[in-house]
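Below is a short report on one protein chain. It covers confidence first, then strands, cores and single residues.

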Amino acid sequence: DSLNMLDQRVTTVEDGLFQLKKLKLSGYIQAQWQSSQLDSLGNKTNDMKNGLGKNGAESVPGVGSYNRYGVRRGRLKATYEDFGCQAVIEFDISEGGLKTKDLYLNILDPWVNTFALKGGVFDRPFGYEIAYSSSKLESPERSRLIQTLFPDEKDLGSMLTIQAPKTSPWNVLKLEAGLLSGNAISKDYKSKKDIAAHLTYNKALATMKYGAVSYTHLRAHETSLHLVCRLLGEKKKHR
């Protein structure tokens, strides 16, 4: 009886550990130090108000300047995988508050393992830079193009991914097509949607990746170049 009870306890512990293996927790913190002529509320320093300097280099050293510590990124991510499904929730935590970064469910078909459907808040399927983890970036921030086009990187919607299993020679091709709200992770206030598609070719033995991307709004057909120019033009008008 004692051996049976011990065996049951060991089995219970093993089952619990097996379930815990399906849950993965990760995170990182990026601290920063800033020196600026604007305080954390956006108020100007005295030298800017009085016209003593137009930039940091022209300011009087130690006078009319602010310096502060902060948390640029504080990420906490939880991923749970089971039965071909993946649930992800990620938060960005800083002195500014708590912000949702990822919140989605990804379902892989159990028959041919080729089609996957994702729904929630996730990275836009545009290029390679958006989906690349901020913790691995070569520079502190993403390129100006990505910051202008997609300042929040994320969007609310659904996405279909088509990619053959790793054992298939067609695994080098991957198609991602998403129907997105188009206003980042804010509340969806309009019925118009954005269509984003990303086709990549990734050869394991190659040193380079090749791909094509399309991002189109249902109101009008725009190429990436036209969309960039339009956004930059609207941004300039608001200045």
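## Ground rules

Two strands pair if DSSP finds at least two bridges between them. Helices (H or I, at least four residues) and strands (E, at least two) are DSSP runs, numbered from the N terminus.

This is a predicted model: local features need pLDDT of at least 70, side-chain atom pairs count only at pLDDT 80 or more, and totals for chains, interfaces and linings use all residues. Residues are numbered from 1 along each chain as its sequence is written, and side-chain values use heavy atoms, with hydrogens and water left out.

## Confidence

pLDDT is the predictor's confidence in each residue, from 0 to 100. The protein averages 75. Of its residues, 74% score at least 70. Confidence peaks in β5, at 94. It is lowest in helix α4 (residues 224-238), with a mean of 46.

Residues 48-63 have a pLDDT below 50. Beyond near neighbours in sequence, that stretch has 16 contacts in the model (contact means heavy atoms within 4.5 Å). Residues 217-239 are also below 50. Beyond near neighbours in sequence, this second stretch has 19 contacts. Where pLDDT is low, the predicted coordinates should not be read in detail.

## Strand pairing

Strands β2 (residues 66-82) and β3 (85-94) pair in the antiparallel sense over eight bridges. Thr79 has Val88 of β3 as its bridge partner. The two strands form a hairpin with two residues between them.

β3 also pairs with β4 (residues 97-108). These strands run antiparallel and are joined by ten bridges. Val88 is bridged to Tyr104 in β4. Here too the strands form a hairpin, with two residues between them.

Further along, strand β7 (residues 173-180) runs antiparallel to β8 and is joined to β8 by eight bridges. The bridge partner of Leu180 in β8 is Asp194.

## Two faces of β8

In a regular strand the side chains alternate between the two faces of the sheet. Strand β8 (residues 194-201) follows an alternating pattern. Asp194, Ala196, His198 and Thr200 point to one face and are buried. Ile195, Ala197, Leu199 and Tyr201 point to the other face and are not buried. Buried means under 20% relative accessible area, exposed over 50%, partly exposed in between (1.4 Å probe, protein chains only).

## Nonpolar cores

A nonpolar core is a set of buried Ala, Val, Leu, Ile, Met, Phe, Trp, Tyr and Cys residues joined through side-chain atoms within 4.5 Å. The largest core has six residues: Val88, Tyr104, Phe122, Met159, Leu180 and Ala196. A second, separate core has five residues, including Phe126, Ile130, Leu149 and Phe150.

Val88 and Tyr104 belong to the largest core and are also bridge partners. Ala196 belongs to that core and lies on the buried face of β8.

## Buried polar residues and a glycine

Asp102 sits in β4. Its relative accessible area is 6%, so Asp102 is buried. What does the side chain of Asp102 make a polar contact with? The partner is the side chain of Lys154, at 3.1 Å. A polar contact is a pair of N or O atoms within 3.5 Å; within protein, one must be able to donate a hydrogen and the other to accept it, and residues adjacent in sequence count only if both atoms are side-chain atoms. Not counting residues up to four places away in sequence, Asp102 touches Val88, Ile89, Glu90, Val121, Phe122, Asp123 and Lys154.

Glu90, in β3, is buried because its relative accessibility is 8%. Leaving aside neighbours within four places in sequence, the contacts of Glu90 include Arg75, Lys99 and Asp102. The C-alpha atoms of Glu90 and Gly27 are separated by 8.9 Å, though the residues are 63 apart along the chain.

Gly70 lies in β2 and is buried, at 13% relative accessibility. Its C-alpha atom is 8.8 Å from that of Gln30, 40 residues apart along the chain. Leaving aside neighbours within four places in sequence, Gly70 is in contact with Gln30, Ala31, Gln32 and Glu95.

## Positive phi in two loops

Phe83 lies in the loop between β2 and β3. It has a positive phi of about 55° although it is not a glycine. At 75% relative accessibility, Phe83 is exposed.

Asn113 lies in the loop between β4 and β5 (115-123). Asn113 has a positive phi of about 50° and is not a glycine either. Its relative accessibility is 39%, so Asn113 counts as partly exposed.
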